[in-house]
Structures are given as structure tokens and as C-alpha cells.
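Reader: I am new to reading protein structures and would like to go through one slowly. Could we take it piece by piece, with the reasoning spelled out?

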Amino acid sequence: MCEQDIKPVFTAMAEYGGAHGPFNTDKTLVFNEVVTNIGNAYNGSTGVFVAPVAGVYYFSFFYHAGGKQAARLKLFKNSDFIALASDHRSGADGADNGANAAFLQLQEGDHVYVTMLANSHVWAGDYSTSFSGFMVR
């Protein structure tokens, strides 16, 4: 099988030892613990997936967060907002989980990433916040 026949597949976790955020500005969430990265299209230092070839891809992102702070994550294709996973702040709720997913038509060089919105947070420990994607065709 030659390199151009390899369909990219990745899963990465946000692992920062616990609560991550809130920050004053929107930030690309870097899923720094790379579990699988077939085709090396995901960069665990920047948090950005770069499509090596045109095609249809599937992306999902999951988070765990404490209920005392808001959790708001957005999936982007280049600079275009695609999907949101969020939960509001609550004093009656100890923890929250959220997720979203999308099929995207990508061109070679397109960027896909997750942004954590200002004044929100995630739990970045215990392998509970993840970003995954793979090429469908």
C-alpha cells in the first residue's frame, strides 16, 4: 500500500492534569496526547488537523467539565464554524459531558480544529476530553 492510499485516522486527548481554563479569549484546544495518528495529519502541538487529500471526513469531539463553569467548544473548518457542544454554568450540577460530530467535505490543506470559547473550561485529565477524525472516502 503506498502512502497516498492511506486514509487518515486520528484520536487525541486533552491531557493537562485536570481543569483546563477558563481563559480570557477563545483558544484552539490542543489535544496534546495523541493516541492514534495514521497518516500524521493531526498535529498534537497545535491541535489542528490538516487534510492531506481531498475527501469526505468524519470528526467528533467530546468533553467532560465541572458544572460550576461553562463549557463551550466549537468545531471549525478553516475559519468556518461547523458545530457546537456546550453547557451552561450551574451550582446544582457537579459535572457535565457534551459532544458533537460532523461529516465534512475537505480539500487538500483544509484545517479542522476545536476552539474553547472564552470564559469556559474542560476537564483535561483522565482521558475524558477527546477529538477524533477519519477519512470516509
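**Strands, a loop threonine and a buried glutamate**

Reader: Before we go further, where does Thr-46 lie?
Author: Please keep in mind throughout that this is a predicted model. Thr-46 is found between two strands, S5 (42-43) on one side and S6 (48-50) on the other, and its place is therefore the loop between S5 and S6.

Reader: Does Thr-46 count as buried, partly exposed or exposed?
Author: The relative accessibility of Thr-46 is 37%. Buried would need a value under 20% and exposed a value over 50%. Because 37% falls in between, Thr-46 counts as partly exposed.

Reader: Which residues does Thr-46 contact, leaving aside its neighbours within four places in sequence?
Author: Phe-31 is 15 residues from Thr-46 along the chain, and the C-alpha atoms of the two are separated by 8.3 Å. A polar atom of the Thr-46 side chain also lies 3.3 Å from the backbone nitrogen of Val-48. Val-48 is within the four places that your question leaves aside, and the contacts of Thr-46 that remain are with Thr-28 and Val-30.

Reader: Turning to the open sheet of five strands, which strands stand at its edges?
Author: The order of the strands in this open sheet is S4-S1-S13-S7-S10, and the pairing is antiparallel. A strand at an edge has a single partner strand, so one side of it is left without a neighbour in the sheet. From one strand to the next, the twist averages 5 degrees. The strands at the edges are S4 (33-38) and S10 (95-106).

Reader: Which residue in S4 stands opposite Phe-10?
Author: Strand S1 covers residues 9-13, and five bridges join S1 to S4 in an antiparallel arrangement. Across from Phe-10, the residue in S4 is Asn-37.

Reader: How many bridges pair S7 with S10?
Author: Strand S7 (residues 55-66) pairs in the antiparallel sense with S13 (residues 130-135) over six bridges, and there Phe-59 has Gly-133 as its bridge partner. S7 also pairs with S10, again in the antiparallel sense, and Gly-55 stands opposite Leu-106 in that pairing. The number of bridges between S7 and S10 is twelve.

Reader: In the hairpin of S8 and S9, which residue takes a positive phi?
Author: Strand S8 (residues 71-77) and strand S9 (residues 80-87) run antiparallel and are joined by seven bridges, with Arg-72 opposite Ser-86. The hairpin has two residues between the strands, and the positive phi, near 55 degrees, belongs to Asn-78.

Reader: Which residue in S11 stands opposite Lys-74?
Author: Besides its pairing with S9, S8 pairs with strand S11 (residues 111-116) in the antiparallel sense, over five bridges. Opposite Lys-74, in S11, stands Thr-115.

Reader: For Glu-15, which is the nearest side chain of opposite charge?
Author: Glu-15 lies in the loop between S1 and strand S2 (18-20), and this residue is buried yet has no salt bridge. A salt bridge would need a side-chain nitrogen of Lys or Arg within 4 Å of a carboxyl oxygen. The nearest side chain of opposite charge is 17 Å away, and that side chain belongs to Lys-27.

Reader: Which backbone nitrogen does the side chain of Glu-15 reach at 2.6 Å?
Author: Not counting residues up to four places away in sequence, Glu-15 touches several residues, including Asn-32, Glu-33, Asp-126 and Tyr-127. The Glu-15 side chain reaches the backbone nitrogen of Asp-126 at 3.5 Å. At 2.6 Å, the backbone nitrogen reached is that of Tyr-127.

How values were computed
Residues numbered from 1 in each chain as written. Predicted model: local features only at pLDDT ≥ 70, side-chain atom pairs only at ≥ 80, totals over all residues. Heavy atoms only, no water. Pairing = 2+ DSSP bridges. Helix = DSSP H or I, 4+ residues; strand = E, 2+ residues; numbered from the N terminus. Axes fitted to C-alpha atoms, helices over the stretch in contact; angles between N-to-C directions. Buried < 20%, exposed > 50% of the residue type's maximum accessible area, 1.4 Å probe, protein only. Contact = heavy atoms within 4.5 Å. Polar contact = N/O pair within 3.5 Å; in protein donor to acceptor, adjacent residues only side chain to side chain. Lys, Arg positive; Asp, Glu negative; His and termini not counted.
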